[in-house]
Amino acid sequence: MVKHIILWTLNPELSADEKNTVKAGIKAGLEGLVGKVPGLLDVKVCIDGRLESSNADVMLDSTLESPEALKAYATHPDHVAVANTKVRPYTVQRSCLDFEI
């Protein structure tokens, strides 16, 4: 199995209300991919409880069946649609950590 962890920083020009709306959209979009993308076993998107010591706004914690499933997830049309409409337009920084478990 593979863990796929992403941290995003939202565009600082967004208002607090806009950030809340964007975070909710990211969460709904990515968590909604389970059952649609083969090999994607679990998705948790953390958008609440952020402490001031944080330097990211949103965290994706996902589990996939294999490295091959991760590669397929990256190009799956449903994932690409969420990334292009809910994530990329509103983020300014992305960090990724993928590892086998």
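## Report on a predicted protein chain

The side chain of histidine 79 has a polar atom 3.1 Å from the backbone oxygen of tyrosine 73, a polar contact in the sense of a pair of N or O atoms within 3.5 Å, where within protein one must be able to donate a hydrogen and the other to accept it, and residues adjacent in sequence count only if both atoms are side-chain atoms. The model is predicted, with local features needing pLDDT of at least 70 and side-chain atom pairs counting only at pLDDT 80 or more, while totals for chains, interfaces and linings use all residues. Residues are numbered from 1 along each chain as its sequence is written, and side-chain values use heavy atoms, with hydrogens and water left out.

**Overall fold.** The protein chain contains 3 helices and 4 strands, in the order β-α-β-β-α-α-β from the N terminus. Its radius of gyration is 13 Å, close to the 13 Å that the globule rule gives for 101 residues, so the chain is as compact as a globular protein of that length. Helices (H or I, at least four residues) and strands (E, at least two) are DSSP runs numbered from the N terminus; the radius is taken over C-alpha atoms, and the rule is 2.2 Å times the number of residues to the power 0.38. The C-alpha trace spans about 40 × 25 × 20 Å along its principal axes.

Of the 101 residues, 40% are buried, meaning under 20% relative accessible area (exposed is over 50%, partly exposed in between; 1.4 Å probe, protein chains only). Contacts (heavy atoms within 4.5 Å) between residues at least 6 apart in sequence join residues at least 24 apart in 68% of cases.

**Two buried residues.** Histidine 79 lies in helix α3 (residues 77-87), whereas valine 37 is in the loop between α1 (16-31) and β2 (40-46). The table gives their relative accessible areas and their contacts, leaving aside neighbours within four places in sequence.

| Residue | Relative accessible area | Contacts |
|---|---|---|
| Valine 37 | 4%, buried | Tyr73 and His76 |
| Histidine 79 | 11%, buried | Leu30, Leu33, Tyr73 and Ala74 |

Tyr73 is listed for valine 37 and also for histidine 79. Valine 37 and cysteine 96 are 59 residues apart in sequence, and their C-alpha atoms are 19 Å apart in space.

**Charge.** The side chains include 11 positive and 14 negative ones, and the centres of the two sets lie 1 Å apart. Lys and Arg count as positive and Asp and Glu as negative, with His and the chain ends not counted; each charge is placed at NZ of Lys, CZ of Arg, CG of Asp or CD of Glu.
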